[in-house]
Amino acid sequence: MSNFVFVLDTDRRPLNLTHPAGARHLLNTGKAAVFRRYPFTIILKEACPDVPVQDLELKLDPGSKVTSIAIKQGNKVIFGAELQHRGQQIKNALLSRRQLRQTRRNRKTRYRQARFLNRTRPDGWLAPSLQHRVDTILTWVNRLRRFAPISSITQELVRFDPQLMQNPEISGVQYQQGELQGYEVREYLLEKWNRRCAYCSIENVPFEIEHIQPKSRGGSDRVSNLTIACHACNQSKGNQDIRDFLFCKPDLLNRILKQAKSPLKDAAAVNSTRWALFHALKETNLLVTTGTGGQTKFNRTRLDMPKSHWLDAACVGQVESLEVLTSNPLLITAKGHGTRQMCGTDKFGFPNRHRTNQKSWFGFQTGDLVRAVVASGKFARRWVGRISVRSRPSFKLASSKIFDVHPKYLQVIHRADGYS
C-alpha cells in the first residue's frame with residue numbers, strides 16, 4: 001500500500017492525511033486538484049466545514065548515508081520515507097576543487113607566501129559534508145510541516161563508541177592507550193599483517209604502506225585503512241577500489257576487509273551531527289523528544305517488525321504498539337542545486353569551457369520533471385523524465401531513452417528542488 005496523501009484546504013492549511021483511494025475519489029469528482037507531486041499533495045477546491053484535525057508525530061532516524069522518516073497518527077504509521085544524503089559527493093567535490101586550486105597556484109604564484117591560517121571558524125562549525133546532512137533533514141522536516149499537522153518530533157539520538165566497535169573487550173585505561181601503544185605506524189603494520197604483502201603474500205622484500213580505500217576515493221590515514229604491500233602490487237592497485245582490484249579473488253577480499261576492521265567514517269558522521277540536528281529541530285518550536293538506538297532495536301524486536309530504515313524510524317522513542325498502514329515509502333535522493341563553478345576544467349585541472357550564470361531557459365531549468373508530447377518523428381509518443389536545459393531551444397530529455405526535444409513540447413510536472 002502506498003503512503004497516505006497530504007491534503008490542504010483552500011487556504012493551504014494542512015488537514016488530516018487521507019487514504020490514496022479517498023484522494024483518487026476527490027480528484028475524479030473534481031473536488032480537489034494536485035498541488036504537489038512529491039510528496040503527493042492535493043488541495044481542495046471548495047471550503048469544507050470545520051473538521052477536527054488530529055495531531056501527528058514525526059519520527060526521525062538520522063544516519064550517515066540514509067535518514068529514515070515516519071509519520072505516526074496515534075499508533076498508526078501512515079507515511080514513510082528514506083532520505084539519501086550526498087555527503088561523500090560534497091567531500092569529493094571539495095577535494096577536487098582544493099587540488100585544482102593548489103596546482104593552479106603552484107603554476108601561477110609559486111613564490112607566494114603560504115596563507116593557510118587566515119581563517120577562523122565559528123563555534124559549532126561543521127564540515128560542509130556534515131552540515132549538508134543537518135540541512136537536508138531540516139528541509140524535509142519543514143516541508144512536511146507545511147503539508148501535515150505535525151505537533152511533535154522524535155529523534156533517535158544515537159551515540160557510537162568507535163573503540164568499542166573495533167575491540168569489544170576494551171575497558172578502563174585501554175581507552176587512553178589506543179592501537180599504537182608501544183609501536184610506530186610502520187612496525188605496527190608489519191606485525192599486524194605478519195610481514196607479508198596483503199595481496200600476494202610475498203615475504204622478505206621491501207614493503208610500502210598502502211591505503212586499502214584510496215585517499216582519492218574518500219579513504220583516510222587511520223591505521224584501520226592501512227596495510228603493507230610489495231611495490232608491484234601497490235603499483236598494480238593504484239587508486240582502484242579494493243573491491244574492483246580483488247574482484248576475482250573474493251576470499252582474499254573478505255580476509256583483508258575483516259583483518260583491516262570496518263571503517264568508522266559513518267559512525268563519526270552520526271556522532272558529529274546528532275546534537276547539531278537536535279538543536280536545529282528545537283528551533284522549530286515543536287515538542288522534540290529523543291530515543292536511543294537500543295530502544296529502537298528493542299521496540300522493533302518486541303513488535304516483530306522487519307529490519308528496514310523507515311520502520312526503524314517508526315520504532316524510535318516510546319512505542320506501545322504500531323499498526324503499519326503503508327508498505328511503500330517515498331525514496332528521496334539529494335541531488336543538489338547545480339554548480340556555481342563558472343570555469344569548467346578538464347581532468348587535469350586546465351580550463352576548457354565557460355559556464356553561463358543563467359540557470360533558467362525558456363521557463364525551464366535543469367532537473368525539472370516534465371511531460372513531453374512529441375507528435376511526429378522517430379520519438380513520437382508521450383514521455384516523462386527530467387531535462388537538462390541549454391541556451392538554444394533543444395533540451396536533453398532523460399526518460400527510458402535519451403534524446404533532444406524542443407521546449408514547446410514540454411509541460412512541467414514537478415519543478416527541480418534539489419531532490420529526486
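These legends walk through several close-up views of one predicted model.

**View 1. Three strands, β1, β3 and β2, sit side by side in an open sheet.**
Let's start with the order: β1-β3-β2, with mixed pairing. Strands in a sheet hook up through backbone hydrogen bonds, either parallel or antiparallel. Here, β1 and β3 go for the parallel sense, over 3 bridges, while β2 (residues 32–36) and β3 (residues 41–44) pair in the antiparallel sense over 4 bridges. Which strands are at the edges? Those are β1 and β2, each pairing on one side only. From one strand to the next, the twist averages 35°. If you'd like a residue to hang on to, try T41 in β3: F6 has T41 as its bridge partner, and R36 stands opposite T41 too.

**View 2. A hairpin links β2 and β3, and there's a cis peptide bond in its loop.**
How many residues lie between β2 and β3 in this hairpin? Count 4 of them. Now look for P39, which lies in the loop between the two strands. The peptide bond running from Y38 to P39 is cis, and its omega is near -10°.

**View 3. Helix α3 lies across the three-stranded sheet.**
Stay with the sheet from View 1 and bring in α3 (residues 128–147). This helix lies across β1, β2 and β3. Relative to β1, α3 runs at about 55°.

**View 4. Helices α2 and α3 cross at roughly 150°.**
When two helices pack, people describe the pair by the angle between the axes and the distance between them. For α2 (residues 87–108) and α3, the axes come within 8 Å, and the crossing is right-handed. Which residues make the contact? On the α2 side you'll find G87, I90, K91 and L94, and on the α3 side P128, S129, H132 and R133. By type, the contact residues split into 3 nonpolar, 3 polar and 2 charged.

**View 5. Five strands make an open antiparallel sheet.**
Read across this sheet and you get β20-β19-β18-β17-β21. Why do β20 (402–405) and β21 (410–414) each have one side without a neighbour in the sheet? They stand at the edges, and each has a single partner strand, so nothing in the sheet flanks the other side. On average, neighbouring strands are turned by 45° against each other, if you ignore direction. Zoom in on β17 (residues 369–374) and β21: they run antiparallel and are joined by 4 bridges. One pair to find is L369, which stands opposite H414 in β21.

**View 6. Helix α6 has several buried residues.**
This helix covers residues 185–192. Its buried residues are Y188, L189, L190 and K192. What covers them? The cover includes β8 (207–211), β9 (226–230) and α9 (250–260). Just past the end of α6, look at N194, which takes a positive phi of about 60°.

**View 7. R12 and S201 have positive phi values, and neither is a glycine.**
First find R12 in the loop between β1 (6–8) and α1 (20–28). Its phi is about 65°. Is R12 buried or exposed? With 57% relative accessibility, R12 counts as exposed, because the cut-off for that label is over 50%. Next, hop over to S201, in the loop between α6 and β8. Phi of S201 is near 65°. S201 has a relative accessible area of 37%, so this residue is labelled partly exposed.

**View 8. T154 is a buried residue in strand β7.**
Strand β7 spans residues 150–156, and T154 is in there. Why is T154 called buried? Its relative accessible area is 3%, and buried means under 20%, so T154 fits the label. Which side chain shares a polar contact with the side chain of T154? The partner is T289, at 3.0 Å. Leaving aside neighbours within four places in sequence, T154 is in contact with E57, L58, K59, L60, T289, V316 and G317.

How values were computed: Residues are numbered from 1 along each chain as its sequence is written. This is a predicted model: local features need pLDDT of at least 70, side-chain atom pairs count only at pLDDT 80 or more; totals for chains, interfaces and linings use all residues. Side-chain values use heavy atoms; hydrogens and water are left out. Axes are lines fitted to C-alpha atoms, for helices over the stretch in contact, and angles run from 0 to 180 degrees between N-to-C directions. A crossing is left-handed if the near helix is turned anticlockwise from the far one by less than a right angle, and right-handed if clockwise. Contact means heavy atoms within 4.5 Å. Ala, Val, Leu, Ile, Met, Phe, Trp, Tyr, Cys and Pro count as nonpolar, Asp, Glu, Lys and Arg as charged, and the others, Gly among them, as polar. Two strands pair if DSSP finds at least two bridges between them. Buried means under 20% relative accessible area, exposed over 50%, partly exposed in between (1.4 Å probe, protein chains only). A polar contact is a pair of N or O atoms within 3.5 Å; within protein, one must be able to donate a hydrogen and the other to accept it, and residues adjacent in sequence count only if both atoms are side-chain atoms.
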